[in-house]
Amino acid sequence: MRIAQIIAKQTSAVTAAHLIALANSANHRYKTYKISKRNGQHRTIEHPSRQLKFVQRWLGRKLFSKFPIHSKAFAYVRGKSIAHHAEIHVSNNYLLRIDFKNFFPSITAENIKHKLNDFRYKDGSNLEPAEIDFITKIVTKSGQLTIGAPSSPIISNILMYEFDHYWDQYSSERGITYSRYADDIYFSTNVPNLLNQCLIDVREYLRENPNPRLFINDNKVVHTSKKRNRTVTGLTLTSDRKVSIGRDRKRQIRSLIFKHKNGLLNEQQIGQLSGILSYVRSVEPEFITSIEQKYGGAFINSISGVNQT
């Protein structure tokens, strides 16, 4: 099998025969556990074995990276951040957020096989059916993408290319801005009531296009406007057209800094505060400037590990 031979040759870690055996037993090479979500429910994580994860990463870098990802997909894309994602909606007054249920598991081996038919080697030849079967066994468990496999994010973006293309074009024709961040899609506009029809049209599209078969989580559909609190991937769109971490998070950060100033945080908490400040610096540097003015730049930089010049 050509793909197995290529992996074996390039990695020098395993033989082609071992890789084929790994694919055939892949379903049994995951550790399953659950983590709590903020709403009190649990998310199932399927963590692949070290060898399986190694091959999944290779396929992500060497094979799936050859497929296009739409410019309006912001999650799992090098050089893009949640701040970049929020910024494209900041000038619009009305916002619609739609969330998909069980996003990764909704993408099936059959969906992936269909997409792999488009792959071409450098010599122009296609993947053989046995190769496609091998790849899908490596990157899925029981015929589905998993939360935990390192190949799942890029595959999800690839499989959503046609969806993203359709809704970006739909939006451009109607004065709407479209984007997707993993399983969340956002539409924004300055035209009142326009997004109501948009939600109807998304539902109709999903009924008519089963590749992949996606379902809306109605409990997470959110319509907001400039008069209310508009948030995009956890960031607030302010009334003065800026992206912010939000008042509540700022209040929390100020409290943590005050406690640290008074010696009330342990090393783990200081490390967490350092990570928070580094994140905020990339999203809303103006807030960092304001707390530097209050507590001193040297003190704030000592927390976040920034060297002053």
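Begin with the whole protein on screen and its surface switched on: the accessible surface comes to about 16800 Å², and 48% of that belongs to carbon and sulfur atoms. What is displayed is a predicted model.

**The whole protein**

Keep everything selected for a moment. Along the principal axes, the C-alpha atoms fill a box of roughly 65 × 50 × 40 Å. Switch to a cartoon view, where 14 helices and 9 strands make up the list of elements in the protein. Of the 309 residues, 45% are buried. Among the contacts with a separation of 6 or more, 66% are between residues 24 or more positions apart.

Next, colour the charges. There are 46 positive and 25 negative charges, and the mean positions of the two groups are 7 Å apart.

**The two domains**

Colour residues 35–44, 68–124 and 140–225 together as domain 1, and residues 246–305 as domain 2. How far apart do the C-alpha centres of domain 1 and domain 2 lie? The distance is 33 Å.

**Stop 1: the loop after helix 1**

Select Ser-12, which is found in the loop between helix 1 (2–11) and helix 2 (16–24). Its phi is near 55°, a positive value in a residue other than glycine. Is Ser-12 buried or exposed? With a relative accessibility of 64%, Ser-12 counts as exposed, because the cut-off for that class is over 50%.

**Stop 2: the hairpin of strands 1 and 2**

Move on to residues 30–36, which are strand 1, and residues 42–48, which are strand 2; the two run antiparallel and are joined by 7 bridges. Together they form a hairpin, with 5 residues between the strands. In the turn, select Gly-40, whose phi is positive at about 90°.

Two pairs can be picked out across the hairpin. Ser-36 stands opposite His-42 in strand 2. Lys-34 has Thr-44 of strand 2 as its bridge partner. While side chains are shown here, a general point about strands may help: in a regular strand, side chains alternate between the two faces of the sheet.

**Stop 3: Ser-91**

Select Ser-91, in the loop between helix 4 (82–87) and strand 3 (94–99). Its relative accessibility is 45%, so Ser-91 counts as partly exposed. Which residues is Ser-91 in contact with, leaving aside its neighbours within four places in sequence? They are Asn-190 and Arg-241. Add Asp-240 to the selection as well: Ser-91 and Asp-240 are 149 residues apart in sequence, while their C-alpha atoms are 8.9 Å apart in space.

**Stop 4: Tyr-121**

Go to the loop between helix 6 (109–116) and helix 7 (129–139), where Tyr-121 lies. Tyr-121 counts as buried because its relative accessibility is 10%, and the cut-off for buried is under 20%.

Now show what surrounds this side chain. Not counting residues up to four places away in sequence, Tyr-121 touches Arg-2, Ile-3, Ile-6, Asn-126, Leu-127 and Glu-131. Leu-63 is another residue to select: Leu-63 and Tyr-121 are 58 residues apart in sequence and 9.4 Å apart in space, C-alpha to C-alpha.

**Stop 5: Ser-142**

Follow the chain past helix 7. Ser-142 lies in the loop between helix 7 and helix 8 (152–159). Here too the residue is not a glycine and has a positive phi, near 55°. Ser-142 counts as exposed, since its relative accessibility is 56%.

**Stop 6: a cis peptide bond**

Select Asn-211 and Pro-212 and show the backbone atoms. The peptide bond from Asn-211 to Pro-212 is cis, with omega near 0°. Pro-212 has its place in the loop between helix 10 (194–208) and strand 6 (222–225).

**Stop 7: the sheet of strands 7, 8 and 9**

End with an open sheet of 3 strands, which stand in the order 7-8-9 with antiparallel pairing. Why is one side of strand 7 and of strand 9 left without a neighbour in the sheet? Strand 7 (230–232) and strand 9 (243–244) stand at the edges, and each has a single partner strand, so one side of each has no neighbour there.

Zoom in on strand 7 and strand 8 (residues 235–237), which pair over 3 bridges in the antiparallel sense. Finally, select Val-232 and Leu-235: Leu-235, in strand 8, is the bridge partner of Val-232.

Note on methods:
Residues numbered from 1 in each chain as written. Predicted model: local features only at pLDDT ≥ 70, side-chain atom pairs only at ≥ 80, totals over all residues. Heavy atoms only, no water. Pairing = 2+ DSSP bridges. Helix = DSSP H or I, 4+ residues; strand = E, 2+ residues; numbered from the N terminus. Domains from an automatic or database assignment. Buried < 20%, exposed > 50% of the residue type's maximum accessible area, 1.4 Å probe, protein only. Contact = heavy atoms within 4.5 Å. Areas by Shrake-Rupley, 256 points an atom, 1.4 Å probe, with all protein chains shown as cover. Lys, Arg positive; Asp, Glu negative; His and termini not counted. Charge placed at Lys NZ, Arg CZ, Asp CG, Glu CD.
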